[in-house]
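Visitor: Could you take me through a single part of this model at close range, and explain each term as you go?

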Amino acid sequence: MQLIWLRTDLRVEDNHALSAACAHGPTIALWLASPGQWQAHDDAACKVDFWLRNLQALRQSLERLDIPLLIRQVDTWQQAPQAVLEVCRHYKVQGVHWNEEYGVNEQQRDARTQALLHEAGIAAQGYLDQLLLRPGAVLTRSGHYFQVFGQFRKACLEHLRLSLPPLAPRVRRQAPTGIASDPIPQGFPGFAAPMRSLREHWPAGENEAQRRLTRFIDETVEDYPRLRDLPARTGTSQLSPYLAAGVISPRHCLHAALLSNQGELDSGNAGIQTWINELLWREFYKHILVGYPQVARHRAFRAHTEALPWRDAPEDLEAWKAGRTGFPLIDAAMRQLLHTGWMHNRLRMVVAMFLSKNLLIDWRLGERHFMRHLIDGDLAANNGGWQWSASTGTDAVPYFRIFNPISQSRRFDPQGQFIRHWLPELEGLDDKAVHEPGGSGDLFAAPYPRPIVDLGNSRARALAAFQALKG
């Protein structure tokens, strides 16, 4: 008997560990719930709910292949090795297969599990799945992990031109095992069920992920370079939750993109090229997580920026979280996050710069808030994006580049459609005033608050803080 240990790879299609397990013999599947670990990692309740809904769909797909899905619960990953071993002993499993995950805790968990299984005489094998290229396969000439995306991208494209990562063999139906699947948990204490509207916005299942991919490539990707910066338009693939949960693989996305672009990686359709770059940004940050593990330990990539004089400003932080800063684009973006578990990528940069530069509040507080609300929360991408915006990370934006939320609003939401959708109190303002409405300053009497900070003065404060590090 073989066992596939499912984690963030909740799919049947293009699943290397699943294909390998089935190639070795009759297979059962295991998923471990670990609510204590999720809380330690600040995983959002909507993300946990998304996992459970996708597990429900996956169980049906596996049962059509006569592969039973077992569910076990541990508190943290400390108990994971023993839980896997107990399942192996109960079902006389000879080999365990899993798809590799990255991050300090994930790698420690897998190393401990592999050692325990080997002691018990059970084979254990990990497979490349979350990435197109294995960490360590793309290095600088001096043998280090890249720190600049442009250089990383160039090296990746050279590798991919030589050899595209193949899709995993399709899994065939096996003979019945006589083992029944376990029921999927409906939820866990500490992780409240999300609003119905959020669930409706993010349907579960591989079919939904593949439908979104097909629709994006057929209908949107041609205009992607222009539309992707407009938050009022559905100009992105909105596949990030499905990629984060492993409901669709990056290989599947890359192959679909190339199929529509005559196999070209960096020529042909400009939209395809731009979107492949986004897949490579995702790749880049996971490689960084392996090459520079301090970023997984809440440390700045650029060590000298740990000395920045971050402000202790709880009222400003709460205003930012609640979407009541007095800057419409910031507030609309933050409310989008609270209601949908997602935020437009352009706006993630804008709100992150506002918190870390204009408010001079530690980027780690923003990173944690995002993780606690994002349905597509991913340590590597979230940390990478926050450190980029805060100018503390690898390939970071220069510290003196600070997005002006009013200018960004006028440029990317010129008619205020996005703002009006999330801030109905501003619905009556004209297209000019909606970007800078002002207000009375009385949060209880005014329909909209006054700005909590002066953009010019706060920009000067941030520049002085960064320049002091250089001195």
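Guide: At 22% relative accessibility, Trp 281 counts as partly exposed, whereas Phe 284, at 0%, counts as buried; the classes are buried for under 20% relative accessible area, exposed for over 50% and partly exposed in between, computed with a 1.4 Å probe on protein chains only. The model is predicted, so local features need pLDDT of at least 70 and side-chain atom pairs count only at pLDDT 80 or more, while totals for chains, interfaces and linings use all residues. Residues are numbered from 1 along each chain as its sequence is written, and side-chain values use heavy atoms, leaving out hydrogens and water.

Across the whole structure, a search finds 24 aromatic pairs. Trp 281 and Phe 284 make up one edge-to-face pair, with 5.8 Å from centre to centre and 75° between the planes. Rings of Phe, Tyr and Trp (its six-membered ring) pair if their centres lie within 6.5 Å, and planes under 30 degrees apart count as stacked, over 60 as edge-to-face and the rest as tilted. Both residues belong to helix H12 (residues 270-291), where they are three residues apart, about one turn of the helix; helices (H or I, at least four residues) and strands (E, at least two) are DSSP runs, numbered from the N terminus. Ring pairs also draw Trp 281 and Phe 284 into a cluster with Phe 146, Phe 149, Phe 152 and Tyr 285.

The helix has a further role in the picture through the nonpolar core, a set of buried Ala, Val, Leu, Ile, Met, Phe, Trp, Tyr and Cys residues joined through side-chain atoms within 4.5 Å. The largest such core holds 129 residues, and those touching the most other members are Trp 31, Leu 62, Leu 69, Trp 275, Trp 320 and Phe 370. H12 supplies the largest share of this core, nine residues. When residues up to four places away in sequence are not counted, Trp 275 touches Leu 213, Phe 216, Tyr 224, Ser 237, Leu 239, Cys 253 and Ala 257, contact being heavy atoms within 4.5 Å. Another core, of 20 residues, lies apart from the largest one, and Val 74, Ala 83, Val 96 and Ala 124 are among its members.

Val 96 leads on to a strand pairing, since Val 96 in E4 is the bridge partner of Leu 3. Strand E1 (residues 2-6) and strand E4 (residues 95-99) run parallel and are joined by three bridges; two strands pair if DSSP finds at least two bridges between them.
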